[in-house]
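Biologist: I'm new to this one, so could you walk me through it slowly?
Modeller: Happy to; have a look at it before we start.

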Amino acid sequence: MGKSVIFSLIVIFLIGQVAFCGQSIVSIGAINPLTGKLAQHGIEVDQGIRLAIEEANLEEKNLYFNLIRRDDKSLPEDAMNQAQQLITREKVVALVGGYVDTLVGPIATVAGKHRVPYVASASLESRLTETINPFFFRISHINGIAHPIIYFLKEEVKPKRLALVYASTPGAMELSEKIRKGISEGSIFLVLEEKLRPGTPDFSPFLLKCRAYNVDFIVSAMFLPDHLILVKQMKELNVLAKYLGPWGIAYPTFIKEMGERAEGLLGMLAWSPTIFQRDSEEESSRFTKNYSQRFGTEPTSTAMHGYISAKVIIDSVRRVVKSGHPVRSDILADFIRNTDMISPMGRIAFDEKGDPKYYSQTIVQIQKGSFVKVYPIK
Amino acid sequence: MVQGFGQIIVQALSLGSLYAILAIGFSLIFGSTRVLNLAHGSFVILAAYIAYFIERYYSVGFIASSIVSSILSLIFLPVLEFIGSRTSTHKESFSLILTFGVALVLQSFYSAMFSSDYRILYSNSTIYNLTKLGLSISSIQLTIILSSLFTIIFLFVMFRKTMTGKALRATIHNDEAALLSGIPVKQMRLLAIGLGCFATGLAGSLYVRVSYVHPAGDIEITLIALLITLFAGRGKIRRVLINAWLFALIETIVSYWCGAKWRELLSSLFIIIVLMGRGEEILNNSSGK
């Protein structure tokens, strides 16, 4: 029994060696919340990354991307530990993934300390790039959400009495601050502002105040599960205001749970199978098809964030190899910094802080169970 | 203003009834076995998933789904009986560690079984408008209030009027004295755990109507159940409902007038005050002192 197990292991090892024979192996670490509170979106990011790596390995003959995935359990201390282990033990040349700033921040700190490039998939807060970390890059930014909301409110909706409710997370608080400042010079009257803990079980006090103040538009910087309760209670308490949720509304799972009651709600996304950057239709369709086949579900904007962040690293590694340099972390960071590619989410390039230069989300409305672009129209 | 306050009362009654129904199962089990069940939230989550899938995919109503989820919740009976019978001294501390482990295992199990998607039952709720009073109440809120009232009245009558209920009360108050007076303590414990599991099943089927269900969503439920139970006192079923209403009313009023950020602070203060004031008393009583 023991001998046969050892023999099998040796055979598997040799097969592996033969398979990789002649291929350069590049190890990339991915850290995402695969369990815990943020697992739903963490898994989407992870699946996007996996697909990008699998596609790259099918295309490459001389290069093999070895993806080492870790679960941070939606906890910052775990995210930090996993980053440390991936860098020091697994010797990865780059890190990718991450959902929300509270998890991305610790990974970015560890990556910066060890001079390993980290491309964050879903990070927003400005504070993260205030101190320049030459090894931190991200493909999303708070301005890409705040600016469309401000212009949409000022130019299109022009609400008379606005209510702003936001989660007590760094990204949500910064977004609400930007919206407050952005609308302060216009004719929009912010009558109610409320900060809530994500996972609040009861929104009725806030909604009763909305009713008392005759609020006609609610911007809710909360998350998908909060929207499920908030929108439900809105209907129960007969609050008739229009509702925009930058995060969590524009998801197929949200429509699936809410059914026809989701009609008319406004959300935001950077990409969907039907809403994508011009000139990238082919890549977008291929991603949708491959993702659906591979994971059995329709891809979301969050999955695309994961996919693009991995593509940035893959593209940079290829350019390093092509240039004749060794694939080392410091060299790879330089090549990531010079990224300039067209993706289904738009043009991807980074500024000196590692923030995306062109990131912007679209405001969509749920109409007949689908997302319809409402701003910007062009 | 008066209308606004009336609606606050309605919301608080509904929220408090939900808190009570979440706490009843915990309270019954803690009362009879002294097991501080940190997996209580996980049990409620399972019942909620059962109700969710039955209603979503078999198009049955609330009564059928709550009966099924309550019956299926009895699968936790052997687990709780095992934990309750394994530990004789320092039962509360041992049960905390054991049930915390059970909660972790169940959380992973739910992630694997049901995925990490957030789920909520969005049944068609009728809104009743009391126009003269300027109040509105949904059929779901009414169901929650009536369910908790019915459960509490049923348990109260059972404890006061039936021999079994009286034996159960005696076991809760002092199991050694109950044993000496010929009460089958083991059977009484099993009955209390069974009733607790049944109530947990009902709680799950109501919970998924007002809140989302998620594999990691158990902690809040356990905290609410623990807080309300400690606040009410060991084996004080009637007080569970009254205290849950009171707690929800204070929470809702504070959120409305002072802002939601004060709600969190209030809850934390409440936990500290209850633990300081009653924690030792409850644990001493439960140890038979």
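Modeller: We'll go through salt bridges, then surface patches, then one residue and its contacts.

Modeller: Some ground rules: this is a predicted model, where local features need pLDDT of at least 70, side-chain atom pairs count only at pLDDT 80 or more, and totals for chains, interfaces and linings use all residues. Residues are numbered from 1 along each chain as its sequence is written, chains are lettered from A and ligands numbered from 1 in the order in which they are written, and side-chain values use heavy atoms, with hydrogens and water left out.

Biologist: What counts as a salt bridge, and how many salt bridges are there over all chains?
Modeller: Side chains of opposite charge can pair when their charged atoms come close. The rule here asks for a side-chain nitrogen of Lys or Arg within 4 Å of a carboxyl oxygen of Asp or Glu. That gives 25 salt bridges over all chains.

Biologist: Where do R70(A) and E90(A) lie?
Modeller: R70(A) sits in strand β2 (residues 63-71) of chain A, and E90(A) in the loop between α3 (76-88) and β3 (94-99) of chain A, so their pairing ties together parts 20 residues apart in sequence. Helices (H or I, at least four residues) and strands (E, at least two) are DSSP runs, numbered from the N terminus. The closest N and O atoms of R70(A) and E90(A) are 3.2 Å apart.

Biologist: Is K209(A) buried or exposed?
Modeller: Buried means under 20% relative accessible area, exposed means over 50%, and partly exposed is in between (1.4 Å probe, protein chains only). K209(A) is buried because its relative accessible area is 10%. Its salt-bridge partner is E194(A), at 3.0 Å from N to O. E194(A) is buried too, at 6% relative accessibility. The pair links helix α7 (residues 204-212) with strand β7 (residues 189-196) of chain A, the two residues being 15 apart.

Biologist: Which residue of chain A meets E220(B) in a salt bridge?
Modeller: That's R197(A), with 3.9 Å from N to O. This pair crosses between chains, from helix α10 (residues 218-232) of chain B to the loop between β7 and α7 of chain A. E220(B) is partly exposed at 25%, and R197(A) is partly exposed at 28%. Salt bridges can also form a network, as with E177(A), R180(A), K181(A) and E193(A).

Biologist: And what makes a surface patch?
Modeller: Patches take residues with over 30% relative accessible area and no salt bridge; like charges are joined within 9 Å, and nonpolar side chains (Val, Leu, Ile, Met, Phe, Trp, Tyr) within 5 Å. Areas come from the Shrake-Rupley method with a 1.4 Å probe, and for residues only the protein chains shown count as cover. Here, I63(B), I67(B), I71(B), L74(B) and F198(B) make a nonpolar patch of about 450 Å². Helix α3 (residues 62-72) of chain B gives the most, with three residues. F198(B) belongs to helix α9 (residues 185-210) of chain B and is partly exposed at 39%.

Biologist: Which residues does T362(A) contact, leaving aside neighbours within four places in sequence?
Modeller: Contact means heavy atoms within 4.5 Å. By that test, T362(A) touches G267(A), M268(A), L269(A), K373(A), Y375(A) and P376(A). T362(A) lies in strand β13 (residues 362-367) of chain A and is buried, with a relative accessible area of 10%.
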